[in-house]
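I opened a new notebook page for this structure. The entries below record what I looked up.

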Amino acid sequence: MTSLLHEIEEYVMKYAEVISNVIKVDVEIVDKDMRRVAGTGIFKDKIGTINEGSVYRKVIETGKSKIIRNPREHEICKGCINRDICIEKLEISTPLIYEGEIIGVIGLVCSTDEQKQLILENLNSHLQFLYQISDFICSKVYQYNELKIQGERTKVLNKILNNVDKGVIVLDDNNRITMLNNNAMRELKLFSTDLDKEVKLADKDEYIMGGELYELTINNKSFLLVGNIIPVDFISKDYSKVFIFNNMRKINSEIYNITASEKRIGLDTIIGNSKPMKILKRKIKKIASTQSTVLITGESGTGKELVARAIHDLSDRRCKPFVAVNCSAMPEALMESELFGYVKGAFTGANPNGKIGKFELANGGVILLDEIGDMPLYMQVKLLRVLQERNVTRIGSNQSVDLDIRVLAATNLDLEERIKENKFRKDLFYRLKVIPIKIPPLREREGDIELIIDKLIEKYSILFNKSIYHIKEECKNILLKYPWPGNVRELQNTIEYMINIVDNEGILTKDMLPDNILHNHNKNIGFYNEEEIEPLEKIEQEYIEKVLDICGRSTDGKRKAAEKLGIGIATLYRKIKT
Ligand SMILES: Nc1ncnc2c1ncn2[C@@H]1O[C@H](COP(=O)(O)OP(=O)(O)OP(=O)(O)O)[C@@H](O)[C@H]1O
């Protein structure tokens, strides 16, 4: 505690002077190590030195005041090393007690008989005054100590605050900044000199990613922040509320995590080396870096979404969100709120916290409006407005959010036909069709079916941990001739199915083909031009296979097949083996 008296020595000195002025004696105040902290009169030059007398030691030991009316002769003075040179006529000493501990002594010394006389005449009132000053000094020590503890606590608190990844601002009851952490300074471009500045915090009544949206204004700059306000006004008016807000980079990256696909979709992901696919890939490369709207058309399963993702991945928005919205899968009643979002309490049945819309989720990145041809007309009007004005307003809000977004739309419908049927707006069509991309159906991509089959066999063999050594020529031919109305998706499903059912030999054969493909094959044996004429032996082979598909491959099935074909069973076996 010694240090405490020294740390407030300025005050201690003042109190010593007050006593000295009022009682007209010399005063010294020592700490518990007997070092002089303050002194007046004959003690003024001795500040910092040790009092070697024995009276104060006794006061410190006993915690009791002492009045020595006859220095030198008093019992206490017997062992004092200064006894012979002592000029004191009267000495009054009283302890300074802080939290039960003696932290020092106030000593009053009379060097003349007149002084002694005066003091003794009013001893009681002088003692009362002395005790009072003693209390003042101790309460000053208390205040100082409290401030010191509070300062230490603040330091620890600051350390903690600077280690949370959120922005924290503590405001007083006038909305002035009392404290702020490094994140808040960084986010709001503030400095420690901005402490005590007034902040305006307006609740925008909207809810995003687990927090409330606030507009914070300081130094004439406004920031939209997502966070929460915690009232702490029970502490003191300097600490009225704490605003904890999320790091906006973190919010953006959370949105990105929701919206981004885990793997990169480059041009290599789009399998196909046919001429139309080469042209398509060149076009994707060329237009990826522009900001214009793209309308991707093509039959179902041709890879429209894949192309859209490749455009996103090749563009400089690749690290920003990619949000795909399927306009036909969304219930009509929900479409508006899904696309544009809503604020809390916008309508009954809604999420009470409000919801961020797909456009806002995609902000900064790319939105794919898939199956746009199925969008209801009233939504087409709203969409057109968003595309024209490049901003979106949540349902129930009166504040629009600016959009920096690349729009891609896709459909397998003939939009011009839909326009004629009054099911699609012409103005929207032209706004979307700035860059048209048409993906050819699989049957028109020469060489691609074989390439895709090989790649998919490889992919699913790894996925299902199977070793596929071979695909029978006959089986492959059926796949190559199939018209693939479901395009790559159907081919993908077919290969996945076959690899699922293949046995340990790892050979894909015709009888592993799905029924619809086999049926199609069976009813389509025929030819239309010279190139398609096949050797009789091959046709015969295929015909027998077809009959066996129907009759079965058991002994009974084969007997039945031979009967139907009008040949002996032995001939049938011979022909199967060739
Ligand atoms: N060229 C391709 N290379 C590899 N995979 C492809 C290719 N084209 C399509 N696919 C795959 O086929 C499936 C369907 O593709 P996608 O969803 O992109 O087609 P779509 O044209 O958008 O279909 P829909 O019109 O039915 O929405 C996906 O699994 C996709 O990865």
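Which strands does helix 9 lie across? I found that helix 9 (residues 304-314) lies across strand 12 (294-297), strand 13, strand 16, strand 19 and strand 20. Helix 9 runs at about 165° to strand 19; axes are lines fitted to C-alpha atoms, for helices over the stretch in contact, and angles run from 0 to 180 degrees between N-to-C directions.

I noted the basis of the entries. This is a predicted model, in which local features need pLDDT of at least 70 and side-chain atom pairs count only at pLDDT 80 or more, while totals for chains, interfaces and linings use all residues. Residues are numbered from 1 along each chain as its sequence is written.

I then looked up the sheet. Its 5 strands form an open sheet with parallel pairing, in the order 13-16-19-12-20. Strand 13 (322-326) and strand 20 (435-438) each have a single partner strand, so one side of each is left without a neighbour in the sheet. From one strand to the next, the twist averages 20°. Helices (H or I, at least four residues) and strands (E, at least two) are DSSP runs, numbered from the N terminus; two strands pair if DSSP finds at least two bridges between them.

I checked one pair: strand 16 (residues 366-370) and strand 19 (residues 406-411) are parallel over 4 bridges. Leu-368 has Leu-408 in strand 19 as its bridge partner.

I followed Leu-408 further. Beyond its neighbours within four places in sequence, Leu-408 is in contact with residues including Ile-296, Ala-308 and Ile-311 (contact: C-beta atoms, placed from the backbone, within 7 Å).

Technical notes. Contact = placed C-beta atoms within 7 Å.
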